[in-house]
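Student: Could you walk me through a few residues of a structure I haven't seen before? I'd like to take them one at a time.

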Amino acid sequence: MLATDQLPVVVIGAGPVGLAAAAHLVERGIEPLVLEAGPSAGTAVRDWAHVRLFSPWSEITDPAAEKLLAPTGWTRPDGSAYPTGGDWAEQYLQPLADLLDDKIRYGVTVVGVARAGRDRIVDSGRDEQPFTVHIAPADGREERISARAVIDASGTWSTPSPLGADGLPALGEKSAISRISYRVPDLGDPAVRARYAGKRTAVVGSGASAFTALAHLADLAKDEPGTHAVWILRRGITGSTFGGGEADQLPARGALGLRAKAAVEAGHASTATGFRTQAVERNGDRLVLVDENGRRLDPVDEVIALTGFRPDLSFLSEIRLGLDERLQAPTALAPLIDPNVHSCGTVYPHGVNELAHPEQGAYLVGMKSYGRAPTFLAMTGYEQVRSITAALAGDREAAERVELTLPETGVCGGAGLFDEPEAAQSGQDGGCCGASATVQIGTGASASSGGC
């Protein structure tokens, strides 16, 4: 067996943060091996190719990746422009993946990660053993890959949360799956457009994805009579319901919330507030949503469930992770991103210290590191992998010097607070919205920052 430090670092996922991790590893002289379940770079991003990001190009490319790409003649698109997911994949992720070439394997599903010869119970000699990454290539074979460290950047896209307000599928949700979508619909696709045109659609969720779906359905309603959205919210309507608006330092995100508000005000969407879905019932060819108090909404033709995502931890069962019991995020990171306390994403830039687990050399990064919290930004993930790769290279000073300025969202108040109408109206926010700041972790600097 090779000495552990001669083994590659396995990166799970060839999305934006996984590819950034590979670029930082190359920059540090460490061999990466990226394992991607899909057929190309940014497979998940390509699934929402029709959706425009609310971050501009200047905030979604990684510095180490740019350095790697520069000799090829690649130049970053206009930093002030807002790409779609398809633009991001084609103009940045794929060129980066092409450059990394044989450092990426496609069509490979990771089915398990462990310490060589040690299940999660065994202590003896554990930290000296390499990781074994069990994979299932598309051809049906089984393989094991030895690794000095594992960086899981597989995201959460493959595991959307269900309709049920208790975190489990609502009664009848599985049997009604043909009428339920867990993605923002691409209404530029004629078949998808026909599915929603002239129909009554329930949109469940309160984040940017729900705003996007409402805005798209409102545009459809202008051309297709009878098209109507019913926006289903667990909370009441408050000043923050539509996001930060003009106060959001990510202007495109603020504008998205204002478009959703305009859809409601124009009558293209109605709202059902204080509704926690418990069941989905059939009413002929239509669906009826029922809440925990037995309240029944008028029948709808389709349901778009945009209730968030959650990490798939099943293939990590044999390594020792330190995860928060609520968010399923690393325990040191969770208090910084807990939506029960704040929704403005006041997490200050963080790195290897906040992302460490009892299993040395194993890291969750990107969206997956946020567990069930919704406020992740690509630039945060890029800082995560910069810090982690510095630590793997033995440069502890660089690993602990995490610098990043995050934009203020203009949205405050946590989900736990906003479930109570009095707290929402009074503007309680737990003091979460300070001014934007650059911070240095590990240097005794302030822990205040902007939003997500």
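Tutor: We'll go through three residues in turn, beginning with how to read the model. This is a predicted model, in which local features need pLDDT of at least 70 and side-chain atom pairs count only at pLDDT 80 or more, while totals for chains, interfaces and linings use all residues. Residues are numbered from 1 along each chain as its sequence is written, and side-chain values use heavy atoms, with hydrogens and water left out.

Student: OK, where does E173 lie?

Tutor: E173 is in the loop between strand 7 (149-152) and strand 8 (180-181), strands being DSSP runs of E of at least two residues, and helices runs of H or I of at least four, numbered from the N terminus.

Student: And which side chain of opposite charge is nearest to E173?

Tutor: That is K174, 8.7 Å away, and E173 has no salt bridge although E173 is buried. A salt bridge would need a side-chain nitrogen of Lys or Arg within 4 Å of a carboxyl oxygen of Asp or Glu, and buried means under 20% relative accessible area, exposed over 50%, and partly exposed in between, using a 1.4 Å probe and protein chains only.

Student: What lies 3.0 Å from a polar atom of the E173 side chain?

Tutor: The backbone nitrogen of L163 does.

Student: Switching topic, is Y370 buried or exposed?

Tutor: Y370 counts as buried because its relative accessibility is 0%, and Y370 sits in the loop between strand 15 (362-364) and helix 10 (378-392).

Student: And why does A138 count as exposed?

Tutor: A138 counts as exposed because its relative accessibility is 74%.

Technical notes: Lys, Arg positive; Asp, Glu negative; His and termini not counted. Polar contact = N/O pair within 3.5 Å; in protein donor to acceptor, adjacent residues only side chain to side chain.
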